[in-house]
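User: I'd like a close look at one strand in this model and at what surrounds it. Could you take me through the part that is most worth following in detail, and then work outwards to its neighbours?

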Amino acid sequence: MAAWRSWAALRLCATVVLLDMVVCKGFVEDLDESFKENRNDDIWLVDFYAPWCGHCKKLEPIWNEVGLEMKSIGSPVKVGKMDATSYSSIASEFGVRGYPTIKLRFLGGLKIGVWPFFISEIKRGLGI
């Protein structure tokens, strides 16, 4: 009986962790080459990352929080992430020279670079 309870508790914990990961990541769009055509329609906050980058891996949970917060406050800003090594032409177009790089893109094409290590300032500036 005790073994069954331990197993049930473990399954419950695993379910909660997986659900948390899915919900948080659900608000950060994984961008691909279609972003090139669709980016003019919305305001985007995009994290350009490399899968092997240690700083990028540390930023990921924070970036998921940003996506969740933006969605929860009803912000018109869409939050995305793009593997800059797979979509290097788009990353180059945005002036990405290192990882991670965060860019804010307004309607009409205005691009603003954001220094990647000041995520708390980004959140504060957006009222999060």
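Analyst: Happy to. Let's take strand β2, residues 43–49, in this predicted model. Of its 7 residues, 7 are buried, so the strand is largely enclosed by the rest of the structure. The cut-off behind that statement is a relative accessible area under 20%. The cover extends to both faces of β2. On one side sit Ile43, Leu45, Asp47 and Tyr49, on the other Trp44, Val46 and Phe48, and all of them are buried.

Now for the strands beside it. β2 pairs with β3 in the parallel sense, over 7 bridges. Two residue pairs help to place this on screen: tryptophan 44 stands opposite lysine 78 in β3, and tyrosine 49 stands opposite aspartate 83 in β3. β2 also pairs with strand β4, residues 101–105, here in the antiparallel sense and over 5 bridges. In that pairing, aspartate 47 has isoleucine 102 of β4 as its bridge partner.

The β4 side has a detail to zoom in on. Threonine 101 belongs to strand β4. With a relative accessible area of 13%, threonine 101 falls under the 20% cut-off and therefore counts as buried. A polar atom of the threonine 101 side chain lies 2.5 Å from the backbone oxygen of glycine 98.

Back to β3, which is mostly covered too, with 6 of its 7 residues buried. Besides β2, β3 has strand β1 (residues 28–30) as a partner, in the parallel sense and over 3 bridges. There, glutamate 29 stands opposite glycine 80 of β3. As for the connection between β2 and β3, the two strands form a right-handed β-α-β unit together with α3.

That unit leads to the largest pocket, which holds about 170 Å³ of space. Its lining consists of 10 residues, and the closest to the pocket centre are Phe27, Lys71, Val77, Lys78 and Val79. Both α3 (54–72) and β3 (77–83) supply at least two residues each to this lining. Sorted by class, the lining has 4 nonpolar, 3 polar and 3 charged residues. Lysine 78 links the two parts of the story: this residue is among those closest to the pocket centre, and it is also the one opposite tryptophan 44 of β2.

One more stop lies beyond β3, in the loop between β3 and α4 (88–93), where serine 86 is found. Serine 86 has a relative accessibility of 49%, so it counts as partly exposed, the class between buried and exposed. The side chain of serine 86 makes a polar contact of 3.1 Å with the side chain of aspartate 83, the β3 residue that stands opposite tyrosine 49. Serine 86 and glutamate 33 are 53 residues apart along the chain, with 9.5 Å between their C-alpha atoms.

To put the picture together: β2 is covered on both faces, with β3 as a parallel partner and β4 as an antiparallel one. From β3 you can go on to β1 through their bridges, to the lining of the largest pocket, or to serine 86 through its contact with aspartate 83.

Note on methods
Residues numbered from 1 in each chain as written. Predicted model: local features only at pLDDT ≥ 70, side-chain atom pairs only at ≥ 80, totals over all residues. Heavy atoms only, no water. 1 Å grid on protein atoms, 1.4 Å probe; cavity = no way out; pocket = protein on both sides within 12 Å on 5 of 7 lines; lining within 4 Å. Points joined across faces, edges and corners; volume = space filled by probe spheres on them. Helix = DSSP H or I, 4+ residues; strand = E, 2+ residues; numbered from the N terminus. Nonpolar A, V, L, I, M, F, W, Y, C, P; charged D, E, K, R; others polar. Buried < 20%, exposed > 50% of the residue type's maximum accessible area, 1.4 Å probe, protein only. Polar contact = N/O pair within 3.5 Å; in protein donor to acceptor, adjacent residues only side chain to side chain. Pairing = 2+ DSSP bridges. Right-handed = clockwise from strand over helix to strand, strands pointing away.
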